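Thanks for sharing this one. Here are some notes to read with the model open beside you.

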Amino acid sequence: MTARHAACACGRLRVSCEGDPVRVSVCHCLECQRRTGSVFGVSARFPKDRVAVEGTSTTWSRPADSGNDVTFHFCPTCGTTVYWRLQQFPDVIAVAVGAFADSSFPSPRHSVYERRRHAWARIAAPEPVQHLD
Ligand SMILES: [Zn+2]
Ligand SMILES: [Zn+2]
């Protein structure tokens with residue numbers, strides 16, 4: 001089975017994921033913009049039993065629009081958010097796609113919070129597009 005490895009910028013917080021992600025998505029919401037410092041976030045969800053974490057993380061939680069918390073795990077040294085947990089979907093772990101540093105990583109098939117999308121930030125061939133504020 002394929003194993004993929006993600007890491008923070010300094011390499012102290014790492015995750016290994018077995019098999020393919022169950023969902024890869026782009027999110028244009030303002031929270032993802034601020035969290036990443038980029039203009040969208042890209043996440044890959046894996047079944048939690050396929051993900052192994054090494055290293056320590058600091059966490060920060062915020063309520064999602066659903067009312068459920070999202071808890072981000074970031075490196076206490078370099079600050080990179082590597083993965084996060086969704087209270088609404090406890091069986092998965094979401095991993096920041098950029099942390100894999102792998103340009104052949106499976107493409108996003110979902111694009112959410114399109115109304116917050118920067119005009120130039122177009123995602124090639126996403127399937128369902130959710131129009132959330
Ligand atoms: Zn780090
Ligand atoms: Zn978002």
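**Notes on the cysteines, the zinc site and the pockets**

1. The structure holds zero disulfides. Please keep in mind that this is a predicted model, so the points below are computed from predicted coordinates.

2. What do the cysteines do around the metal, and which atoms are the donors of the zinc ion (ligand 1)? The protein donors are the SG atoms of Cys8, Cys10, Cys75 and Cys78, lying 2.3 Å from the zinc ion. Along the chain, these donors follow the spacing C-x1-C-x64-C-x2-C.

3. The site links distant parts of the chain through the pair Cys8 and Cys78, which are 70 residues apart. Cysteine 8 sits in the loop between strand 1 (3-7) and strand 2 (14-18), while cysteine 78 sits in the loop between strand 7 (69-74) and strand 8 (81-86).

4. As for geometry, the four donor atoms around the zinc ion (ligand 1) subtend angles of 106 to 118°, and the arrangement is therefore tetrahedral. For reference, the ideal angle for four tetrahedral donors is 109.5 degrees.

5. Is each of these cysteines buried or partly exposed? Cysteine 8 has 6% relative accessibility and so counts as buried, the cut-off for that class being under 20%. Cysteine 78, at 32%, counts as partly exposed. Cysteine 32 has 9% relative accessibility, so cysteine 32 counts as buried.

6. Turning to the pockets, the largest one has a volume of about 670 Å³. It is lined by 30 residues, and the closest to its centre are Arg45, Ala64, Leu86, Val112 and Tyr113. Two or more lining residues come from each of strand 3 (23-27), helix 1 (30-36), strand 4 (41-47), strand 6 (58-63), strand 7 and strand 8. Strand 4 gives the most, with four residues.

7. If you plan to look at the character of that lining, the largest pocket has 15 nonpolar, eight polar and seven charged residues.

8. The second largest pocket has a volume of about 280 Å³. Its lining has 19 residues, and Arg35, Thr36, Thr80, Thr81 and Ala96 are the closest to its centre. Helix 1, strand 4 and strand 7 are the elements that give two or more residues to this lining. By class, the lining of the second largest pocket has 11 nonpolar, seven polar and one charged residues.

Notes: Residues are numbered from 1 along each chain as its sequence is written. Chains are lettered from A and ligands numbered from 1 in the order in which they are written. This is a predicted model: local features need pLDDT of at least 70, side-chain atom pairs count only at pLDDT 80 or more; totals for chains, interfaces and linings use all residues. Side-chain values use heavy atoms; hydrogens and water are left out. Donors are N, O and S atoms within 2.8 Å of the metal (3.2 Å for Na, K and Ca); water is not among the atoms, so sites may look incomplete. Four donors count as tetrahedral if all angles lie between 85 and 135 degrees; four count as square planar and six as octahedral if opposite donors are over 155 degrees apart and all others between 65 and 115; anything else is irregular. Buried means under 20% relative accessible area, exposed over 50%, partly exposed in between (1.4 Å probe, protein chains only). A disulfide is a pair of cysteine sulfur atoms within 2.5 Å. On a 1 Å grid over the protein atoms alone, a cavity is a set of points where a 1.4 Å probe fits but cannot get out, and a pocket is an open set with protein on both sides within 12 Å along at least five of seven lines; lining residues have an atom within 4 Å of a point. Grid points are joined across faces, edges and corners, and a volume is the space filled by probe spheres set on the points. Ala, Val, Leu, Ile, Met, Phe, Trp, Tyr, Cys and Pro count as nonpolar, Asp, Glu, Lys and Arg as charged, and the others, Gly among them, as polar.
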